[in-house]
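User: Please take a close look at one part of this model and describe it carefully. I would like to know how it is built and how its surroundings are arranged.

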Amino acid sequence: VCLRLCTHKFCLGCLKEYVKTSKKYPCPCPVQNHPGGPCRGTVEQRELQDLLNKEELEAYLIEERNAG
């Protein structure tokens, strides 16, 4: 899977698990050792829809609303 904002690439299963456990909204790119500091890309809404099933996406969006 390639994130649209930063073009970093990840295994589908790895990125899905990262999104489900990150508890950060919006979900940041997992790349932390980027030259100049952590990557500033995020997992976009349309990418979340491709990664998560309906129930997982609904749970993510509820958590996002509650965090904001």
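Analyst: Pro 26 sits in the loop that runs between α1 (12-22) and α2 (45-51), helices here being DSSP runs of H or I with at least four residues, strands being runs of E with at least two, and both being numbered from the N terminus. The peptide bond that leads from Tyr 25 into Pro 26 is cis, with omega near -5°. The model is predicted, so that local features need pLDDT of at least 70 and side-chain atom pairs count only at pLDDT 80 or more, whereas totals for chains, interfaces and linings use all residues. Residues are numbered from 1 along each chain as its sequence is written, and side-chain values use heavy atoms, with hydrogens and water left out.

Lys 23 belongs to this loop between α1 and α2 as well, and just after α1 it takes a positive phi of about 60°, in a residue other than glycine. The side chain of Lys 23 also meets that of Glu 63 in a salt bridge at 2.9 Å, N to O, the term standing for a side-chain nitrogen of Lys or Arg within 4 Å of a carboxyl oxygen of Asp or Glu. This pair links distant parts of the chain, with Lys 23 in the loop and Glu 63 in helix α3, 40 residues apart. Glu 63 is partly exposed, with a relative accessible area of 31%, where buried means under 20%, exposed over 50% and partly exposed in between, computed with a 1.4 Å probe on protein chains only.

On the side of the loop where α1 lies, Leu 15, Val 19 and Ser 22 of that helix are buried. These three cover an arc of only 75° around the axis, taken from the directions that run from the helix axis to the C-beta atoms, which puts them on the same side of α1. An α-helix has 3.6 residues a turn, so residues three or four places apart point the same way. What covers the buried residues of α1 includes α2 and α3 (54-67).

Leu 15 and Val 19 recur in the largest nonpolar core, which has 15 residues and in which they are among those with the most contacts, together with Leu 3, Cys 29, Val 43, Leu 48 and Leu 52. Helices α1, α2 and α3 each supply at least two residues of this core, a core being a set of buried Ala, Val, Leu, Ile, Met, Phe, Trp, Tyr and Cys residues joined through side-chain atoms within 4.5 Å. Leu 48 touches Val 19, Val 43, Leu 57 and Tyr 60, not counting residues up to four places away in sequence, with contact meaning heavy atoms within 4.5 Å.

Beyond the loop's own link to α3, the salt bridges come to six in total. Arg 4 and Asp 50 form one of them through their side chains, at 4.0 Å, N to O. That pair again links distant parts of the chain, with Arg 4 in the segment before α1 and Asp 50 in helix α2, 46 residues apart. Arg 4 counts as partly exposed at 42% relative accessibility, while Asp 50, at 60%, counts as exposed. Glu 44 forms another salt bridge, with Arg 46, the closest N and O atoms being 3.0 Å apart, and within this pair Glu 44 is buried, with a relative accessible area of 19%, whereas Arg 46 is partly exposed at 46%. Salt bridges that share partners also join Arg 4, Glu 47 and Asp 50 into one network.
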